[in-house]
Amino acid sequence: MNIPPFPVLPAGFRFGAATSAYQIEGAHDEDGRGASIWDTFSHTPGRTRAGATGDTAADHYHRHREDVALLRGLGVDTYRFSISWPRLLPQGVGPVNAKGLDFYDRLIDDLLAAGVAPAVTLYHWDLPQALETPVHGGADAGGGWRVRETAEAFAAYAALAADRYGDRVERWITLNEPYCSAFVGHAEGRHAPGTQEGRGALAAAHHLLIGHGLAVHALRAAGVVGEIGITLNPDRIHAASDRPEDIAALRRAETLHNDIWTEPLFAGRYPAHEAETWAGLADGPWRLPGDLDLIGTPLDFLGVNFYRPLTVAAAPHRVADPEQRTAVDIGVAELDPYGTRHTTMGWPVVPSAFTELLCQLHVRYPQSPPIWITENGSAEADTVAPDGRIHDPDRIGYLAEHLAAVADAMAAGADVRGYYAWSLLDNFEWARGYDQRFGLVHVDYDTLTRTPKDSYHWYRGLISAHRARTEEPAR
Ligand code: PNW
């Protein structure tokens, strides 16, 4: 096998690995945890591949010591994980579950003892079910992120976590990929809560941003020592041609995927092409005076998740009446002109698009904060060799080329501080279930045995070579 050379990153660049609670923890009904919208969704027939659920997942809740040992062995500077909101607050608001608080206390202390800095995501899609059920009575379509009360509940949860862990967490991420929460969840319907809405999805987008802004204030008010940011999945989008209709489709796709997040966060305004994209659906009564100030509260970093580029072309709307359209029915078709390299997710492998994306963000928002790559990685069908080793050369190639793409963007001026590989472990890949494997460490779902893959050893080698090259030798 051809092992790619280690990409060269500048001194001070930091390396990590990432996971999220629902994807790895399991123990869905233990120690007082409440249900989340992903429990409900995954337990609904037909929603996930082969009916997969996160009931057991990688059983991290019971095996966290072993997983921290894997992180220590990997030599990462930092580990990004998420807190399960319904483990801390089973009803989303109100009574606190002490056993849930204790779990993350132990995890954080174990990480620090292993020399690994904790980075916490507060919301990686597992909304307490009690908040989704329309108890607030705020909107016709239901509760959850469609109503402002959920943003306020999120801030109270953030304050609780900040109070308990704020002295030990190096990096706080309010939301993971609000695009997916709002639009994959409430418009495509492929993720929880699994609906296909227009206004509801756009209201959710806005309330996610409000929740983010309120949480930033709650974290700052609690005096946390760590940096505070948000993780987006901004897309590098290409137009299928330079025909005017495809350029217009590109504009709409950028509004949906990128600008609805980055413009309020970093430019103090709603996106310029909303009316063209959503025919008036976006500018709803859920937007209140003062919201832009709240959403635009300055951040310490921007988290970027990147997997693959998109190419778009103009296409007919699926539904003619704008009032009846979902928020993703924007007259755009996605094409894949990227050739033959794809991961098992079906995603094209195009590292140059990563460089382009980082440069584009840098040029468009010169005042935005430094970037952390909070996820990047590849799903591969790994082969187990007769000697029990797990060979994943495609994953090694993917990581090497994407880290080199980050280095290229930095050479062009992008301010990137570190990189988290997705993922430490094979895990519950949402609607795709368990046959998409993103881990540096293989998980046998029958025995829950962990086996580091070749990519784990490669990444460890990269990190130690980076240190040897960039750090002063000890005298
Ligand atoms: C990101 N989609 O997710 C998430 O932050 C991770 O939890 C996830 O495991 C990782 O990327 C790999 O997929 C996405 O279907 C998952 O559109 C699915 C979609 C988008 C992003």
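Look at the shell of residues around the ligand first: sorted by class, this shell has seven nonpolar, five polar and four charged members. Keep in mind as you look around that this is a predicted model. In total, 16 residues surround the ligand. If you want to find your way in quickly, pick out Q23, H124, R190, E375 and E429, which are the closest of them.

Now zoom in on the ligand's oxygen atoms. Start with E429, where a polar side-chain atom lies 2.6 Å from an oxygen atom of the ligand. Then move over to E375: an N or O atom in the side chain of E375 is 2.8 Å from a ligand oxygen. Y307 joins in too, with an N or O atom of its side chain 3.3 Å from an oxygen atom of the ligand. How much of the ligand does the protein bury? On its own, the ligand would expose 440 Å², and 92% of that is buried by the protein.

Next, step back a little and ask where the ligand sits. It's in the largest pocket, which has a volume of about 990 Å³. There are 48 residues lining this pocket, and those closest to its centre are V184, E188, R190, R308 and W347. R190 is worth a second glance, since this residue is also listed among the closest to the ligand.

Which elements give two or more residues to the pocket's lining? They are the helices α8 (178-188) and α10 (244-266), along with the strands β8 (310-314) and β9 (332-335). Of the contributions to this lining, the largest share is that of α8, with four residues. As for the chemistry of the lining, you'll find 26 nonpolar, ten polar and twelve charged residues.

Let's leave the pocket and turn to the cavities. The structure holds six of them at 30 Å³ or more, and the largest cavity has a volume of about 90 Å³. To locate this one, look for P234, N258, D259, T262, L357, Q360, L361, R364 and Y365, the residues that line it. Two elements, α10 and α13 (351-364), each give two or more residues to that lining. The helix α13 gives the most, with four residues. You've met α10 already, as it also gives two or more residues to the lining of the largest pocket. By class, the cavity's lining divides into four nonpolar, three polar and two charged residues.

Conventions:
Residues are numbered from 1 along each chain as its sequence is written. This is a predicted model: local features need pLDDT of at least 70, side-chain atom pairs count only at pLDDT 80 or more; totals for chains, interfaces and linings use all residues. Side-chain values use heavy atoms; hydrogens and water are left out. A residue is near a molecule or strand if one of its heavy atoms lies within 4 Å of it. A polar contact is a pair of N or O atoms within 3.5 Å; within protein, one must be able to donate a hydrogen and the other to accept it, and residues adjacent in sequence count only if both atoms are side-chain atoms. Accessible areas come from the Shrake-Rupley method with a 1.4 Å probe; for residues, only the protein chains shown count as cover. On a 1 Å grid over the protein atoms alone, a cavity is a set of points where a 1.4 Å probe fits but cannot get out, and a pocket is an open set with protein on both sides within 12 Å along at least five of seven lines; lining residues have an atom within 4 Å of a point. A molecule sits in a cavity or pocket if more than half of its atoms lie within 2 Å of its grid points. Ala, Val, Leu, Ile, Met, Phe, Trp, Tyr, Cys and Pro count as nonpolar, Asp, Glu, Lys and Arg as charged, and the others, Gly among them, as polar. Grid points are joined across faces, edges and corners, and a volume is the space filled by probe spheres set on the points.
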